[in-house]
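Open the model in your viewer and keep the selection panel at hand. The stops below go from the whole chain to single side chains.

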Amino acid sequence: MKIYNQDIRDIFFENYKKNFFKNNKNYILTNDADVFALKSLKNNKRYIDAGVAEQNLVNIASGLAKNNKLPMIFGFCTFLTFRCYEQLKFNIGSHNQNIKIVGIGPGYSFSYDGPTHHGLQDICLMNLIPEFEVINISDNNLSYVVSKSLNKLKGPIYIRLDKGKQNFNLGVKYDLNKGYEFTKKNKTSKLVIITSGYTNKIANETYDKLNKFDVLNLYKLKYFDKKKLLKDLRKYKNVIIYDESSYLGGISPIINSFILKNKLSLKINYLTSPDKQIFLYSRNRDQLMNKLKIGKDDLRKLILKLL
(Lines give C-alpha, C1' and ligand atoms only; values in the text may rest on other atoms or scores of the structure.)
Protein backbone atom coordinates (compact mmCIF):
# COMPACT_ATOMS: atom_id res chain seq x y z
CA MET A 1 0.00 0.00 0.00
CA LYS A 2 1.20 3.51 -0.83
CA ILE A 3 1.37 5.39 2.47
CA TYR A 4 2.74 8.74 1.28
CA ASN A 5 0.29 11.61 0.83
CA GLN A 6 -2.71 9.74 2.23
CA ASP A 7 -4.86 10.54 5.21
CA ILE A 8 -3.52 8.67 8.23
CA ARG A 9 -7.02 7.33 8.97
CA ASP A 10 -7.47 5.91 5.46
CA ILE A 11 -4.20 3.99 5.79
CA PHE A 12 -5.31 2.45 9.08
CA PHE A 13 -8.85 1.55 8.09
CA GLU A 14 -7.98 0.33 4.58
CA ASN A 15 -5.63 -2.21 6.14
CA TYR A 16 -8.27 -3.15 8.67
CA LYS A 17 -10.88 -3.55 5.91
CA LYS A 18 -8.69 -6.12 4.14
CA ASN A 19 -8.57 -8.22 7.32
CA PHE A 20 -12.27 -7.68 7.92
CA PHE A 21 -13.19 -9.73 4.86
CA LYS A 22 -10.63 -12.46 5.61
CA ASN A 23 -12.19 -13.40 8.95
CA ASN A 24 -15.92 -13.38 9.64
CA LYS A 25 -15.21 -13.04 13.35
CA ASN A 26 -14.28 -9.39 12.78
CA TYR A 27 -16.89 -6.84 13.82
CA ILE A 28 -16.86 -3.05 13.46
CA LEU A 29 -18.72 -0.93 16.00
CA THR A 30 -19.13 2.84 16.16
CA ASN A 31 -20.99 5.61 18.00
CA ASP A 32 -22.34 7.36 14.92
CA ALA A 33 -18.84 8.26 13.72
CA ASP A 34 -17.79 8.14 10.10
CA VAL A 35 -14.55 7.49 8.21
CA PHE A 36 -14.22 7.44 4.44
CA ALA A 37 -12.47 4.04 4.20
CA LEU A 38 -15.31 2.21 5.96
CA LYS A 39 -18.30 3.74 4.17
CA SER A 40 -18.64 0.73 1.87
CA LEU A 41 -19.15 -1.54 4.90
CA LYS A 42 -22.07 0.30 6.47
CA ASN A 43 -24.64 -2.19 5.19
CA ASN A 44 -22.61 -5.22 6.27
CA LYS A 45 -24.26 -7.17 9.08
CA ARG A 46 -20.97 -7.12 10.99
CA TYR A 47 -20.93 -3.30 10.97
CA ILE A 48 -22.85 -2.04 14.02
CA ASP A 49 -23.66 1.63 14.57
CA ALA A 50 -25.00 1.92 18.11
CA GLY A 51 -25.62 5.64 17.77
CA VAL A 52 -24.72 8.15 20.46
CA ALA A 53 -24.88 5.46 23.16
CA GLU A 54 -21.31 4.69 24.15
CA GLN A 55 -22.16 2.57 27.19
CA ASN A 56 -24.32 0.27 25.07
CA LEU A 57 -21.64 0.27 22.39
CA VAL A 58 -19.03 -1.11 24.80
CA ASN A 59 -21.54 -3.63 26.22
CA ILE A 60 -22.22 -4.99 22.72
CA ALA A 61 -18.51 -5.25 21.93
CA SER A 62 -17.90 -7.03 25.23
CA GLY A 63 -20.63 -9.57 24.49
CA LEU A 64 -19.20 -10.21 21.03
CA ALA A 65 -15.71 -10.74 22.43
CA LYS A 66 -17.07 -13.12 25.07
CA ASN A 67 -18.40 -15.21 22.16
CA ASN A 68 -14.98 -15.36 20.47
CA LYS A 69 -15.62 -12.53 18.02
CA LEU A 70 -13.04 -9.82 17.27
CA PRO A 71 -14.67 -6.40 17.76
CA MET A 72 -13.05 -3.12 16.81
CA ILE A 73 -14.69 0.07 18.09
CA PHE A 74 -14.00 3.45 16.50
CA GLY A 75 -15.20 6.96 17.25
CA PHE A 76 -14.10 10.29 18.74
CA CYS A 77 -11.59 9.66 21.49
CA THR A 78 -13.27 11.97 24.00
CA PHE A 79 -16.63 10.21 23.72
CA LEU A 80 -15.18 6.67 23.70
CA THR A 81 -13.33 7.26 26.96
CA PHE A 82 -15.23 9.66 29.21
CA ARG A 83 -18.81 8.64 28.40
CA CYS A 84 -18.40 4.91 29.05
CA TYR A 85 -15.45 4.66 31.42
CA GLU A 86 -17.06 2.20 33.85
CA GLN A 87 -17.91 -0.16 30.99
CA LEU A 88 -14.36 0.07 29.64
CA LYS A 89 -12.91 -0.71 33.04
CA PHE A 90 -15.15 -3.61 34.02
CA ASN A 91 -16.73 -5.08 30.88
CA ILE A 92 -13.52 -4.99 28.85
CA GLY A 93 -10.60 -4.50 31.24
CA SER A 94 -11.62 -6.79 34.11
CA HIS A 95 -12.30 -9.62 31.67
CA ASN A 96 -9.18 -8.87 29.62
CA GLN A 97 -11.28 -8.86 26.46
CA ASN A 98 -9.57 -8.91 23.08
CA ILE A 99 -11.09 -5.63 21.89
CA LYS A 100 -9.46 -2.79 19.99
CA ILE A 101 -10.72 0.75 20.51
CA VAL A 102 -9.65 3.35 17.95
CA GLY A 103 -10.05 6.92 19.18
CA ILE A 104 -10.02 9.46 16.36
CA GLY A 105 -9.53 13.17 17.01
CA PRO A 106 -6.68 13.17 19.58
CA GLY A 107 -5.24 16.43 20.85
CA TYR A 108 -6.41 19.49 18.93
CA SER A 109 -6.92 17.69 15.63
CA PHE A 110 -10.53 18.94 15.68
CA SER A 111 -9.54 22.33 17.05
CA TYR A 112 -12.58 24.24 15.78
CA ASP A 113 -15.03 22.12 17.79
CA GLY A 114 -13.95 23.22 21.25
CA PRO A 115 -13.34 21.25 24.47
CA THR A 116 -15.97 18.59 23.73
CA HIS A 117 -13.69 17.38 20.93
CA HIS A 118 -10.25 18.15 22.40
CA GLY A 119 -8.53 14.87 23.26
CA LEU A 120 -6.31 16.05 26.10
CA GLN A 121 -6.98 13.61 28.96
CA ASP A 122 -7.87 10.30 27.29
CA ILE A 123 -4.31 8.93 27.60
CA CYS A 124 -4.47 9.25 31.37
CA LEU A 125 -7.92 7.67 31.58
CA MET A 126 -7.04 4.62 29.51
CA ASN A 127 -3.59 4.18 31.03
CA LEU A 128 -5.23 3.96 34.47
CA ILE A 129 -7.08 0.78 33.50
CA PRO A 130 -4.48 -1.92 34.31
CA GLU A 131 -5.34 -4.30 31.47
CA PHE A 132 -5.33 -1.70 28.68
CA GLU A 133 -2.38 -0.90 26.47
CA VAL A 134 -2.36 2.55 24.86
CA ILE A 135 -0.85 3.17 21.42
CA ASN A 136 -0.50 6.73 20.12
CA ILE A 137 -0.10 6.86 16.34
CA SER A 138 1.85 9.89 15.13
CA ASP A 139 2.39 9.36 11.40
CA ASN A 140 1.41 7.46 8.25
CA ASN A 141 4.22 4.94 8.65
CA LEU A 142 3.20 4.00 12.20
CA SER A 143 -0.46 3.88 11.15
CA TYR A 144 0.47 1.29 8.53
CA VAL A 145 2.58 -0.78 10.94
CA VAL A 146 -0.05 -0.87 13.71
CA SER A 147 -2.98 -1.61 11.39
CA LYS A 148 -1.11 -4.43 9.66
CA SER A 149 -0.35 -5.99 13.06
CA LEU A 150 -3.75 -5.42 14.64
CA ASN A 151 -4.85 -9.07 14.77
CA LYS A 152 -1.51 -10.06 16.32
CA LEU A 153 -1.96 -7.62 19.19
CA LYS A 154 -3.89 -9.37 21.95
CA GLY A 155 -5.95 -8.04 24.80
CA PRO A 156 -7.68 -4.68 25.27
CA ILE A 157 -5.88 -1.90 23.38
CA TYR A 158 -6.74 1.76 23.02
CA ILE A 159 -5.34 3.31 19.83
CA ARG A 160 -5.21 7.07 19.23
CA LEU A 161 -5.45 7.90 15.55
CA ASP A 162 -4.78 11.40 14.21
CA LYS A 163 -6.12 12.88 10.97
CA GLY A 164 -4.66 14.35 7.80
CA LYS A 165 -1.55 13.53 5.78
CA GLN A 166 1.18 12.86 8.32
CA ASN A 167 4.02 12.29 5.86
CA PHE A 168 6.94 12.18 8.26
CA ASN A 169 9.03 9.35 9.77
CA LEU A 170 8.59 7.38 6.55
CA GLY A 171 12.06 5.87 6.95
CA VAL A 172 11.68 4.92 10.61
CA LYS A 173 11.64 1.18 11.34
CA TYR A 174 8.97 0.87 14.00
CA ASP A 175 9.10 -2.10 16.38
CA LEU A 176 5.88 -2.61 18.32
CA ASN A 177 7.68 -4.68 20.94
CA LYS A 178 10.10 -1.83 21.63
CA GLY A 179 7.34 0.80 21.79
CA TYR A 180 9.46 3.86 21.08
CA GLU A 181 11.92 5.11 18.48
CA PHE A 182 14.35 7.96 18.01
CA THR A 183 13.13 9.92 14.99
CA LYS A 184 15.99 12.45 15.09
CA LYS A 185 19.41 11.88 16.61
CA ASN A 186 22.60 13.83 17.29
CA LYS A 187 25.42 11.63 18.63
CA THR A 188 26.77 14.24 21.03
CA SER A 189 23.45 15.62 22.31
CA LYS A 190 22.72 15.81 26.04
CA LEU A 191 19.13 16.95 25.45
CA VAL A 192 16.27 14.68 24.41
CA ILE A 193 12.72 15.71 23.56
CA ILE A 194 10.23 12.98 24.44
CA THR A 195 7.15 13.28 22.27
CA SER A 196 4.03 11.30 21.46
CA GLY A 197 1.61 11.80 18.60
CA TYR A 198 1.43 15.16 16.82
CA THR A 199 4.20 16.80 18.86
CA ASN A 200 6.69 14.40 17.27
CA LYS A 201 6.07 16.15 13.95
CA ILE A 202 6.76 19.59 15.43
CA ALA A 203 9.89 18.38 17.24
CA ASN A 204 11.21 16.79 14.03
CA GLU A 205 10.66 20.03 12.09
CA THR A 206 12.44 21.99 14.82
CA TYR A 207 15.37 19.56 14.70
CA ASP A 208 15.79 20.17 10.98
CA LYS A 209 16.67 23.80 11.80
CA LEU A 210 18.66 23.35 15.05
CA ASN A 211 19.83 19.67 15.05
CA LYS A 212 21.48 19.90 18.48
CA PHE A 213 19.18 17.53 20.35
CA ASP A 214 17.50 14.14 19.99
CA VAL A 215 13.81 13.44 19.38
CA LEU A 216 12.14 10.35 20.82
CA ASN A 217 8.69 9.18 19.74
CA LEU A 218 7.00 7.19 22.51
CA TYR A 219 4.06 5.44 20.88
CA LYS A 220 3.41 2.45 23.13
CA LEU A 221 2.60 4.01 26.47
CA LYS A 222 2.47 1.10 28.91
CA TYR A 223 4.33 -2.01 27.74
CA PHE A 224 7.35 -0.43 26.05
CA ASP A 225 10.89 -1.83 26.40
CA LYS A 226 11.75 -0.27 29.75
CA LYS A 227 15.24 -1.77 30.02
CA LYS A 228 16.29 -0.38 26.67
CA LEU A 229 14.74 3.01 27.32
CA LEU A 230 16.55 3.21 30.65
CA LYS A 231 19.84 2.53 28.90
CA ASP A 232 19.08 5.11 26.20
CA LEU A 233 18.15 7.88 28.65
CA ARG A 234 21.26 7.58 30.83
CA LYS A 235 23.36 9.67 28.41
CA TYR A 236 21.22 12.81 28.77
CA LYS A 237 21.28 15.69 31.22
CA ASN A 238 18.05 17.41 30.14
CA VAL A 239 14.72 16.13 28.91
CA ILE A 240 11.78 18.04 27.49
CA ILE A 241 8.43 16.28 27.74
CA TYR A 242 6.55 17.77 24.80
CA ASP A 243 2.91 16.75 24.73
CA GLU A 244 -0.26 18.11 23.16
CA SER A 245 -2.23 16.59 26.02
CA SER A 246 -2.49 18.32 29.37
CA TYR A 247 0.24 17.78 31.97
CA LEU A 248 -1.91 15.40 34.02
CA GLY A 249 -3.80 13.93 31.06
CA GLY A 250 -0.96 12.77 28.83
CA ILE A 251 2.50 11.22 28.86
CA SER A 252 4.05 13.45 31.56
CA PRO A 253 3.02 11.22 34.53
CA ILE A 254 4.22 8.14 32.62
CA ILE A 255 7.68 9.61 31.96
CA ASN A 256 7.92 11.15 35.44
CA SER A 257 7.19 7.82 37.06
CA PHE A 258 9.74 6.04 34.88
CA ILE A 259 12.49 8.58 35.63
CA LEU A 260 11.83 8.63 39.38
CA LYS A 261 11.53 4.86 39.70
CA ASN A 262 14.87 4.35 37.96
CA LYS A 263 16.54 7.26 39.80
CA LEU A 264 17.73 8.95 36.63
CA SER A 265 19.59 12.23 37.13
CA LEU A 266 17.68 14.23 34.54
CA LYS A 267 16.40 17.77 34.65
CA ILE A 268 12.82 17.55 33.41
CA ASN A 269 11.20 20.38 31.47
CA TYR A 270 7.58 20.40 30.37
CA LEU A 271 5.79 21.82 27.36
CA THR A 272 2.18 20.64 27.58
CA SER A 273 -1.35 21.94 27.31
CA PRO A 274 -2.65 23.67 30.46
CA ASP A 275 -4.77 21.59 32.81
CA LYS A 276 -8.00 23.34 31.94
CA GLN A 277 -10.73 23.23 29.31
CA ILE A 278 -9.89 25.35 26.29
CA PHE A 279 -12.82 27.48 25.09
CA LEU A 280 -11.09 28.87 22.02
CA TYR A 281 -12.63 28.48 18.57
CA SER A 282 -11.97 29.58 14.96
CA ARG A 283 -8.33 28.50 15.09
CA ASN A 284 -6.60 25.65 13.35
CA ARG A 285 -4.46 23.24 15.33
CA ASP A 286 -1.14 25.04 15.03
CA GLN A 287 -2.73 28.44 15.71
CA LEU A 288 -4.37 27.08 18.85
CA MET A 289 -1.11 25.53 20.06
CA ASN A 290 0.68 28.83 19.46
CA LYS A 291 -2.00 30.66 21.45
CA LEU A 292 -1.46 28.21 24.33
CA LYS A 293 2.33 28.72 24.06
CA ILE A 294 3.06 25.10 23.17
CA GLY A 295 3.73 25.63 19.47
CA LYS A 296 6.87 25.41 17.36
CA ASP A 297 8.28 28.79 18.46
CA ASP A 298 7.75 27.94 22.11
CA LEU A 299 9.56 24.64 21.70
CA ARG A 300 12.44 26.38 19.93
CA LYS A 301 12.78 28.95 22.74
CA LEU A 302 12.89 26.22 25.38
CA ILE A 303 15.50 24.24 23.44
CA LEU A 304 17.75 27.29 23.02
CA LYS A 305 17.46 28.00 26.73
CA LEU A 306 18.72 24.50 27.56
CA LEU A 307 21.50 24.18 24.97
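## Whole chain

Of the 307 residues of the protein chain, 58% count as buried, where buried means under 20% relative accessible area, exposed means over 50%, and partly exposed lies in between (1.4 Å probe, protein chains only). This is a predicted model, in which local features need pLDDT of at least 70 and side-chain atom pairs count only at pLDDT 80 or more, while totals for chains, interfaces and linings use all residues. Residues are numbered from 1 along each chain as its sequence is written, and side-chain values use heavy atoms, with hydrogens and water left out.

Show the C-alpha trace. Along its principal axes the trace spans about 60 × 45 × 40 Å. The radius of gyration of the protein chain is 19 Å, which agrees with the value near 19 Å that a compact globule of 307 residues would have; the radius is taken over C-alpha atoms, and the globule rule is 2.2 Å times the number of residues to the power 0.38.

Switch to a cartoon. The protein chain has 11 helices and 11 strands; these are DSSP runs numbered from the N terminus, with helices (H or I) of at least four residues and strands (E) of at least two. Among contacts between residues at least 6 apart in sequence, 75% join residues at least 24 apart, a contact being heavy atoms within 4.5 Å.

Now turn on the surface. The accessible surface of the protein chain comes to about 13700 Å², and carbon and sulfur atoms hold 49% of it. Areas come from the Shrake-Rupley method with a 1.4 Å probe, and for residues only the protein chains shown count as cover.

## Aromatic rings

Select Phe, Tyr and Trp. Rings (for Trp, the six-membered one) pair if their centres lie within 6.5 Å; planes under 30 degrees apart count as stacked, over 60 as edge-to-face and the rest as tilted. By this rule there are 11 aromatic pairs. One of them joins tyrosine 16 and phenylalanine 20, with ring centres 6.3 Å apart and planes at 45°, so the pair is tilted. Both residues are in helix H1 (residues 8-22), and because they are 4 residues apart there, about one helical turn separates them. Tyrosine 16 is buried at 4% relative accessible area, and phenylalanine 20 is buried at 0%.

Next, select phenylalanine 76 and phenylalanine 110. Their rings form an edge-to-face pair, 4.9 Å centre to centre with 75° between the planes. Phenylalanine 76 lies in strand E3 (residues 70-76) and phenylalanine 110 in the loop between strand E4 (100-104) and helix H5 (122-128), so the pair ties together parts that are 34 residues apart in sequence. Phenylalanine 110 counts as buried, at 17% relative accessibility.

Then add Phe12, Phe13 and Phe74, which ring pairs link into a cluster.

## Charges over rings

Which residue lies over the face of phenylalanine 110? Lysine 163 does, at 4.1 Å from the ring centre. A charge sits over a ring if NZ of Lys or CZ of Arg is within 6 Å of the ring centre and within 35 degrees of the ring normal. Move to phenylalanine 224, where the charged end of lysine 226 sits over the ring, 4.2 Å from its centre.

## Cysteines

How many disulfides does a search of the whole structure find? The search finds 0, a disulfide being a pair of cysteine sulfur atoms within 2.5 Å. Select cysteine 84: the closest cysteine sulfur, in cysteine 77, is 12 Å from its own, too far for a bond. Cysteine 84 is buried, with a relative accessible area of 0%. For cysteine 124 the closest cysteine sulfur is also in cysteine 77, at 14 Å, again too far for a bond. Cysteine 124 counts as partly exposed, at 27% relative accessibility.

## Single residues

Go back to helix H1 and select asparagine 15. Asparagine 15 is buried, at 3% relative accessible area. Leaving aside neighbours within four places in sequence, asparagine 15 is in contact with Met1, Tyr144, Ser147 and Lys148.

Leucine 292 is in the loop between helix H10 (285-291) and helix H11 (296-306). Leucine 292 is buried at 16%, and beyond its neighbours within four places in sequence it is in contact with Tyr108, Pro274, Ile278 and Leu280.

Finish at arginine 234, in the loop between helix H8 (226-233) and strand E10 (238-246). Arginine 234 counts as exposed, at 53% relative accessibility. A distance label between the C-alpha atoms of arginine 234 and leucine 266, 32 residues apart along the chain, should read 8.4 Å.
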